[in-house]
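Subject: A structure for you to explore

Hello,

Here is the structure I promised to pass on to you. Have a look at it first, and then read on for my notes.

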Amino acid sequence: MTCTWQAQARKISRVIIDPGHGGKDKGANRGSTYEKNLALNVAKRVEALLKAKGMPVTLTRRSDVFVSLSSRAAIANRYSNAIFISIHFNASTSTRLTGVETYYYGGEGKKLAAHVHLRLLSRLKPRNGDTRQRKELAVLNKTRCPAILVECGYISNYSERKRILKSSYQYNCAKAIVDGIWAYKTYR
């Protein structure tokens, strides 16, 4: 008797990429380094990598414009079988903090976060980082599809900020996110 069982891939019709902040909402900053610009740079790289794999992608913003949190969730909620990835960079009053964090909401969000976070840890090699549920974040709790928010590093830490500003670091963030999305899509 032959086994014909195969793991079934998740059906994902579209990936919604949300570059955090934008326009009047600068996000975290240190000097001339603004979270809103870094998030958009990484988001556009994620978009290009996903499109190269034939995956439909929608960005919540393509330029330095303000988009409300509820509008970001509404964009994702237009699609069935979508997933939502919000891209951010962290900051703290403590300049010692470093690392990547991935937040999620709900069971499928947790699975998506685990896949993406594992690839971020593997590719970026941060000293710290974890995943955790964040029920209070509007872009997660107002989105009906699996949703995560990725913090790609601390711009408040001088040495990490130097790494974050490098094109290679931003590419590696994007590549890790895409690899995590693909793993989530492929493996149950």
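A residue counts as buried when its relative accessible area is under 20%, as exposed when that area is over 50%, and as partly exposed in between. Leu59 has a relative accessible area of 10%, so Leu59 is buried. Please keep in mind that this is a predicted model.

Leu59 is part of strand 4, which covers residues 57-59. Its C-alpha is 7.8 Å from that of Glu47, and the two residues are 12 apart in sequence.

Now for the charged side chains. Side chains of opposite charge can pair when their charged atoms come close. How many salt bridges does the structure hold? There are nine, and I picked out three to show you.

The side chains of Arg72 and Asp18 form one of them, with 2.5 Å from N to O. Arg72 sits in helix 2 (residues 69-77) and Asp18 in strand 1, so this pair ties together parts that are 54 residues apart in sequence. Are these two residues buried or exposed? Arg72 is buried because its relative accessibility is 2%, and Asp18 is buried as well, at 1%.

Next, look at Arg10 and Glu108, which form a salt bridge whose closest N and O atoms are 3.1 Å apart. Arg10 is in the segment before strand 1 (14-19) while Glu108 is in helix 3, so the pair links parts that are 98 residues apart in sequence. Arg10 is buried, with a relative accessible area of 6%, whereas Glu108 is partly exposed at 28%. Together with Lys111, Arg10 and Glu108 make up a network of salt bridges.

The third pair is Lys175 and Asp179, whose side chains meet in a salt bridge at 2.8 Å, N to O. Both residues belong to helix 6 (residues 167-186), and they are four residues apart, about one turn of the helix. Lys175 is partly exposed at 22% relative accessibility, and Asp179 is partly exposed at 21%.

Helix 3 (residues 107-124) also contains His117. His117 is buried, since its relative accessibility is 5%, and its side chain makes a polar contact of 2.7 Å with the side chain of Thr102.

Finally, turn to the surface. Which residues form a positive patch there? They are Arg127, Lys162, Arg163 and Lys166. Arg163 lies in helix 5 (residues 158-164) and is partly exposed, with a relative accessibility of 31%.

Enjoy exploring, and write back with any questions!

Best wishes

Definitions and conventions: Residues are numbered from 1 along each chain as its sequence is written. This is a predicted model: local features need pLDDT of at least 70, side-chain atom pairs count only at pLDDT 80 or more; totals for chains, interfaces and linings use all residues. Side-chain values use heavy atoms; hydrogens and water are left out. Patches are made of residues with over 30% relative accessible area and no salt bridge: like charges are joined within 9 Å, nonpolar side chains (Val, Leu, Ile, Met, Phe, Trp, Tyr) within 5 Å. Accessible areas come from the Shrake-Rupley method with a 1.4 Å probe; for residues, only the protein chains shown count as cover. A salt bridge is a side-chain nitrogen of Lys or Arg within 4 Å of a carboxyl oxygen of Asp or Glu. Lys and Arg count as positive and Asp and Glu as negative; His and the chain ends are not counted. The place of a charge is taken as NZ of Lys, CZ of Arg, CG of Asp or CD of Glu. Helices (H or I, at least four residues) and strands (E, at least two) are DSSP runs, numbered from the N terminus. Buried means under 20% relative accessible area, exposed over 50%, partly exposed in between (1.4 Å probe, protein chains only). A polar contact is a pair of N or O atoms within 3.5 Å; within protein, one must be able to donate a hydrogen and the other to accept it, and residues adjacent in sequence count only if both atoms are side-chain atoms.
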